[in-house]
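Q: I've got a new model on my screen and would like to learn how to read it. Take me through the features one at a time, please.

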Amino acid sequence: LVSLEFEEINEQVTLEVSDVIISDSNASAIPSSGPGSTEIQLYPALFSYNQSALQAFYYFSSVTINGVSVDSLDWVGAFNGETCVGARQWDTSNCGGGICDVPLMGEDQFDLTDGYMTNGDIPTFQIYDASEDAYYDAVSSDIPPWFNFGMNNIDLLSADVPISGCM
């Protein structure tokens, strides 16, 4: 049995959970269980998707907004039309060799993946800037078509955002 009290910090990024008490089957608190605090990572609102048995992975060496590398709290989301098919928080310290991937889900036999990627589809990408709470369309010079079990290496994914007051 777990009892949680939580306070929403930012609906786009994380929830802070505090005073966690874990009980045994007799409803007695387990001594080392709390009170304490932990964070539960949430997806940005537009980057929610379902798992699929069909997947491909797009690896980006660099992700930037206006030529500046994104922050570890930022996210990259993948879309097939208007449907989010995958996302990854861009914390390169958690990625192999500092190069993160975005898993892209394919349309399998389940209704939850209707509209997901099929062989030959070209995905589009967005970058979520957590510090601005903003989504930006992202581009790359070479986005290969999706195919199941695909492993795609791409140098740069970037978003160019007009800076207020500049022409």
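Q: What is the relative accessible area of arginine 88?

A: The scale first: buried means under 20% relative accessible area, exposed means over 50%, and partly exposed is anything in between, with a 1.4 Å probe and protein chains only. Arginine 88 comes out at 29%, and is therefore partly exposed. A word on the ground rules: this is a predicted model, where local features need pLDDT of at least 70 and side-chain atom pairs count only at pLDDT 80 or more, while totals for chains, interfaces and linings use all residues. Residues are numbered from 1 along each chain as its sequence is written, and side-chain values use heavy atoms, with hydrogens and water left out.

Q: Which side chain meets arginine 88 in a salt bridge?

A: For a salt bridge, look for a side-chain nitrogen of Lys or Arg within 4 Å of a carboxyl oxygen of Asp or Glu. Here, arginine 88 pairs with aspartate 101, at 3.0 Å from N to O. Searching the whole structure turns up 1 salt bridge. Its two partners sit in distant parts of the chain: arginine 88 is in strand β7 (residues 83-89) and aspartate 101 is in strand β8 (residues 100-105), 13 residues apart. Aspartate 101 is buried, because its relative accessible area is 12%.

Q: How many helices and strands does the protein chain have?

A: Both are DSSP runs numbered from the N terminus: helices are H or I with at least four residues, strands are E with at least two. This chain has 0 helices and 11 strands. Buried residues account for 40% of its 167 residues. For the fold's long-range character, count contacts (heavy atoms within 4.5 Å): of those between residues at least 6 apart in sequence, 57% join residues at least 24 apart.

Q: Which residues have the most contacts inside the largest nonpolar core?

A: In soluble globular proteins, nonpolar side chains tend to be buried together. A nonpolar core is a set of buried Ala, Val, Leu, Ile, Met, Phe, Trp, Tyr and Cys residues joined through side-chain atoms within 4.5 Å. The largest one here has 36 residues, and Tyr58, Phe60, Leu104 and Phe125 have the most contacts inside it. Strands β4 (55-65), β6 (75-80), β7, β8, β9, β10 (134-138) and β11 (151-159) each bring at least two residues, with β4 giving the most, at 5. Try clicking on phenylalanine 125: beyond its neighbours within four places in sequence, its contacts include Tyr58, Phe60, Leu104, Tyr136 and Leu157.

Q: Is tyrosine 116 buried or exposed?

A: Don't assume that a loop residue must stick out. Tyrosine 116 lies in the loop between β8 and β9, yet it is buried, with a relative accessible area of 4%. Among its contacts, setting aside neighbours within four places, are Tyr49, Thr83, Cys84, Met105 and Asp121. Its C-alpha is 6.9 Å from that of threonine 83, 33 residues away along the chain.

Aspartate 108 is in the loop between β8 and β9 and counts as buried at 12%. Outside four places in sequence, aspartate 108 contacts Ser52, Ala53, Leu54 and Thr113. Glycine 120, also in the loop between β8 and β9, is partly exposed at 47%. Outside its own neighbours up to four places away, glycine 120 touches Pro145 and Trp146.

Q: What is the phi of aspartate 133?

A: Most residues other than glycine have a negative phi, and most peptide bonds are trans. Aspartate 133 has a positive phi of about 50 degrees, although it is not a glycine. It lies in the loop between β9 and β10 and is partly exposed, at 43%. Phenylalanine 149 also has a positive phi, near 70 degrees. That residue is in the loop between β10 and β11 and counts as exposed, with 65% relative accessibility.

Q: How many residues line the largest pocket, and which are the closest to its centre?

A: On a 1 Å grid over the protein atoms alone, a pocket is an open set of points with protein on both sides within 12 Å along at least five of seven lines, and lining residues have an atom within 4 Å of a point. The largest pocket holds about 190 Å³ of space, and 14 residues line it, with Ile65, Asp74, Asp129, Ser131 and Glu132 the closest to its centre.

Key. 1 Å grid on protein atoms, 1.4 Å probe; cavity = no way out; pocket = protein on both sides within 12 Å on 5 of 7 lines; lining within 4 Å. Points joined across faces, edges and corners; volume = space filled by probe spheres on them.
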